[in-house]
Amino acid sequence: MATAAAGALGLLWGWLWSERFWLPQNVSWANFEGQGDGYGYPRARHILSVFPLAAGVFSVRLLFERFIAKPCALHVGIQDSGPYQAQPNAILEKVFMSITKYPDEKRLEGLSKQLDWDVRKIQCWFRHRRNQDKPPTLTKFCESMWRFTFYLCIFCYGIRFLWSSPWFWDTRQCWHSYPYQPLTSGLYYYYIMELAFYWSLMFSQFTDIKRKDFLIMFLHHLATIGLITFSYINNMVRVGTLVLCLHDVSDFLLEAAKLANYAKYQRLCDTLFVIFSAVFVVTRLGIYPFWILNTTLFESWEIIGPYRSWWLFNGLLLVLQVLHVIWSYLIARIAFKALIRGKVTYPGRIRPRLCTLHSFLTSFLFSMPGGSWTVSSLACV
């Protein structure tokens, strides 16, 4: 029995790490043993170092939110208190939890007679009770400030690293001598830190504010981790750095808009959102297809030719492009509706107001998956 189980496990392991799937023709895993400069070649065992690093990132986040983000939030006037607590009432609580959080007029009248309360008082109770379930603005500010700080720092590191990398200026360099492209220390740290950050988000999602898109974000982080890991093991790290940096440039702008929204700096919030939208559309609908997909689909085909994991890798990148189109359409449509709703009629004139972006941001900013090339981003990102 044990022998059969070991044999089945061996077959599974062999299938999982099949050279015919992962590597181009006439290349084997043995070709990467004991070769390369710097950190050698990417290997699957390198991924194990991500887990203690992710735990360290999570610990740094806790310290950052407590000693940096929270004082900043208090400084800009965000109160360190939760919403008004509704008066305890067993009957209303049962209706709220079991029947409806938004009672209609008929139910309000029935509750008014049952409790001998004024209808307006019951409406206020339900409003306060709904607000109790909303996360405090202080907590949301701290979470966004942490993500903003990381995205900004990792983007600055990434652009500084790529500026001196030959494949940043000539994407064909992503495929020359592939897959025999040894790691440099800068490339290794960039990739591993990005992966550790998304693992830390995976951990913290169970302790963070529970939002309606919990499952979507869970799948988003899982897909992000899978793609970064896939490209690392397959040594497509050069083009991977381009994709990571391209997505980080809009992620920190989105978080900055959230921070301004929480702090009630509405004009700054609107400005940042407009900048974010422009950067998002330019990078995701312009640079990404004509720069990234051009090299992964056409230049790589010309230089190394297709193989099995090549098809999967490009398939995922194409899925990502479809999502880019969908998100850009949603941004444009909702922003347009917000501007149309913001037209206020004055005597003899109509003046459009940008302040309606506030309501748009409140609903949209949290529907954006947070920042990377994932299956659901590939799934703000």
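## Ser 200 and its contacts

Ser 200 touches three residues beyond its sequence neighbours up to four places away: Ala 54, Val 57 and Phe 58. The model behind this report is a predicted one. Ser 200 sits in helix α9. Is Ser 200 buried or exposed? Ser 200 is buried, because its relative accessible area is 4% and the cut-off for buried is under 20%.

## Where α3 meets α9

The contacts of Ser 200 belong to a wider meeting of two helices. From α3 come Val 50, Phe 51, Leu 53, Ala 54, Val 57, Phe 58 and Arg 61. From α9 come Ile 192, Met 193, Leu 195, Ala 196, Phe 197, Trp 199, Ser 200, Phe 203 and Ser 204. Sorted by class, this contact has 13 nonpolar residues, two polar ones and one charged one.

Two packed helices are described by the angle between their axes and the distance between the axes. Here the axes of α3 and α9 come within 8 Å. They cross at roughly 65°. The crossing of α3 past α9 is right-handed.

## The largest core

In soluble globular proteins, nonpolar side chains tend to be buried together. In this model the largest nonpolar core has 78 residues. Which residues have the most contacts inside it? They are Phe 197 and Met 236. Several helices each supply at least two residues of this core: α3 (50-75), α7 (137-163), α8 (166-169), α9 (185-204), α10 (214-233), α11 (237-262), α12 (266-303) and α13 (308-341). Helix α11 gives the most, with 13 residues.

A second core is separate from this one and has eleven residues. Leu 92, Phe 96, Leu 108 and Leu 115 are among them.

## Met 236, a residue in a loop

Where is Met 236 placed? Met 236 is in the loop between α10 and α11. Met 236 counts as buried because its relative accessibility is 1%, and buried means under 20%. Leaving aside neighbours within four places in sequence, Met 236 is in contact with Trp 175, Tyr 178, Tyr 191, Ser 231, Tyr 307, Trp 310 and Phe 313.

Met 236 can also be placed by its C-alpha atom. The C-alpha atoms of Met 236 and Pro 179 are separated by 7.9 Å. Along the chain, these two residues are 57 residues apart.

## The loop between α8 and α9

Pro 179 lies in the loop between α8 and α9. The peptide bond leading from Tyr 178 to Pro 179 is cis. Its omega is near 5°.

Ser 177 is placed in the loop between α8 and α9 as well. Phi of Ser 177 is positive, near 65°, and Ser 177 is a residue other than glycine. Ser 177 counts as exposed because its relative accessibility is 55%, and exposed means over 50%.

## The two faces of α5

Helix α5 covers residues 105-115. Its buried residues are Leu 108, Leu 111, Ser 112 and Leu 115. Why are they on the same side of α5? They cover an arc of only 105° around the axis, which puts them on the same side. An α-helix has 3.6 residues a turn, so residues three or four places apart point the same way.

The face of α5 turned away from its buried side carries the exposed residues Lys 106, Lys 113 and Gln 114. What covers the buried residues of α5? The cover includes α4 (90-98) and α6 (119-132). Leu 108 and Leu 115 also appear in the second core, which includes Leu 92 and Phe 96.

## After α5

Asp 116 follows α5. Asp 116 lies in the loop between α5 and α6. Asp 116 has a positive phi of about 60°, although it is not a glycine. Is Asp 116 buried or exposed? Asp 116 is exposed, because its relative accessible area is 70% and the cut-off for exposed is over 50%.

## Asn 294 in α12

Asn 294 is found in helix α12. Asn 294 counts as partly exposed because its relative accessibility is 30%. Leaving aside neighbours within four places in sequence, Asn 294 is in contact with Pro 289 and Glu 299. The C-alpha atoms of Asn 294 and Thr 171 are separated by 9.1 Å. Along the chain, Asn 294 and Thr 171 are 123 residues apart.

Terms used:
Residues are numbered from 1 along each chain as its sequence is written. This is a predicted model: local features need pLDDT of at least 70, side-chain atom pairs count only at pLDDT 80 or more; totals for chains, interfaces and linings use all residues. Side-chain values use heavy atoms; hydrogens and water are left out. A nonpolar core is a set of buried Ala, Val, Leu, Ile, Met, Phe, Trp, Tyr and Cys residues joined through side-chain atoms within 4.5 Å. Buried means under 20% relative accessible area, exposed over 50%, partly exposed in between (1.4 Å probe, protein chains only). Helices (H or I, at least four residues) and strands (E, at least two) are DSSP runs, numbered from the N terminus. The arc is that of the directions from the helix axis to the C-beta atoms. Contact means heavy atoms within 4.5 Å. Axes are lines fitted to C-alpha atoms, for helices over the stretch in contact, and angles run from 0 to 180 degrees between N-to-C directions. A crossing is left-handed if the near helix is turned anticlockwise from the far one by less than a right angle, and right-handed if clockwise. Ala, Val, Leu, Ile, Met, Phe, Trp, Tyr, Cys and Pro count as nonpolar, Asp, Glu, Lys and Arg as charged, and the others, Gly among them, as polar.
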